[in-house]
Amino acid sequence: MKVTYGGFAIGMNRSWENRNNLSPISYFQKNRDNHFFKYICNIFTSYNNGNGDASDLRKILGYVKPLSKFKEKGYAVNRRKDNYIEKEWRKIYLKNWMSSQQDMDNYDKVHHNKLFTILNLKFHAKDVSFIIVPDDATKTNIINSIQSATDIGGYKTSNINDKLNLISKIITIEEIQKNF
């Protein structure tokens, strides 16, 4: 098993994804004969020729990803990475009036990254399907953090059952490699 993202993952259940209006990523083959790849290239070409809308471009490209890629930074340098195994879901926040990078930069200067506070995705303990951590030492640290937490997923809590529920969903990569 290859370890990615530093060996950490939190899996959320489908009902949480639906409540938060997340959408699955569409993966495409980087192959000139692939119809979806041609569609993505045509969107870029149209935009670069001045015929496309930047907000439409970002809406489409926010939900697509190549099936595989090479030479990614970090863990996958000079190795092929299969993006599909991530089965990624996203929520893209776009304002129609933000049609250029300059519009986005201006908005950021005025609001000083307050969007992250406004647009964060909260969750309850019951929304978590699993928590993966690299090893037993990290698992112990996470358990201690959950036990002393005053909020979980952005909600205030002192409910011991929520904390125990989360703790029961922690598994290490070492455990996965030994047992699955």
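Begin by selecting Thr-138, a residue that is buried because its relative accessible area is 17%, where buried means under 20% relative accessible area, exposed means over 50% and partly exposed lies in between, all for a 1.4 Å probe and protein chains only. Before you go on, note that this is a predicted model, in which local features need pLDDT of at least 70 and side-chain atom pairs count only at pLDDT 80 or more, while totals for chains, interfaces and linings use all residues. Residues are numbered from 1 along each chain as its sequence is written, and side-chain values use heavy atoms, with hydrogens and water left out.

**Around Thr-138**

Colour helix H6, residues 136-148, and you will find Thr-138 within it; helices (H or I, at least four residues) and strands (E, at least two) are DSSP runs, numbered from the N terminus. If residues up to four places away in sequence are not counted, Thr-138 touches Phe-8 and Val-133, where contact means heavy atoms within 4.5 Å.

**The sheet beside H6**

Now show strands S1, S8 and S11, which form an open sheet of three strands in the order S1-S8-S11, with mixed pairing; two strands pair if DSSP finds at least two bridges between them. The edge strands, each pairing on one side only, are S1 (9-12) and S11 (170-172). From one strand to the next the twist averages 20°, and H6 lies across S8 and S11, running at about 165° to S11. Such axes are lines fitted to C-alpha atoms, for helices over the stretch in contact, and the angles run from 0 to 180 degrees between N-to-C directions.

Which way do S1 and S8 run, and how many bridges join them? They run antiparallel, and four bridges join the two strands. To follow this pairing, select Ile-10, which stands opposite Ile-131 in S8, and then Met-12, whose bridge partner in S8 is Val-128. On the other pairing, S8 and S11 run parallel and are joined by three bridges, and here the bridge partner of Ile-131 in S11 is Ile-170.

**The nonpolar core**

Next, display side chains for the largest nonpolar core, which has 12 residues, among them Met-12, Trp-16, Leu-22, Val-128, Ile-131 and Ile-170. A nonpolar core is a set of buried Ala, Val, Leu, Ile, Met, Phe, Trp, Tyr and Cys residues joined through side-chain atoms within 4.5 Å. Strand S8 (128-133) and helix H7 (160-168) each supply at least two residues of this core, and the largest share, three residues, comes from S8.

From the core, pick Leu-22, which touches Trp-16, Glu-17, Trp-89, Arg-90, Lys-91 and Leu-121 when residues up to four places away in sequence are not counted. Then select Asn-21, found in the loop between helix H1 (14-19) and strand S2 (23-24). Asn-21 counts as exposed at 54% relative accessibility, and its phi is near 55°, a positive value in a residue other than glycine.

**The aromatic rings**

A pair of aromatic rings is described by the distance of the centres and the angle of the planes. The structure holds three aromatic pairs, and the rings of Phe-28 and Phe-36 make an edge-to-face pair, because their centres are 6.0 Å apart and their planes stand at 80°. Rings of Phe, Tyr and Trp (its six-membered ring) pair if their centres lie within 6.5 Å; planes under 30 degrees apart count as stacked, over 60 as edge-to-face and the rest as tilted. Phe-28 counts as buried at 8% relative accessibility, whereas Phe-36 is partly exposed with 30%.

Is the pair of Phe-36 and Tyr-39 stacked or edge-to-face? With centres 6.4 Å apart and planes at 15°, the pair is stacked. These two residues are three apart in helix H2 (residues 35-48), so about one helical turn separates Phe-36 and Tyr-39. Tyr-39 is partly exposed, with a relative accessible area of 42%. Select Phe-37 as well, and you have the cluster in which ring pairs link Phe-28, Phe-36, Phe-37 and Tyr-39.

**Two last stops**

Move to Lys-122, whose charged end sits over the ring of Tyr-155, 5.4 Å from its centre; a charge sits over a ring if NZ of Lys or CZ of Arg is within 6 Å of the ring centre and within 35 degrees of the ring normal.

Finish at Lys-59 in helix H3 (residues 54-61), which counts as partly exposed at 34% relative accessibility. Lys-59 and Ile-92 are 33 residues apart in sequence and 7.4 Å apart in space, C-alpha to C-alpha.
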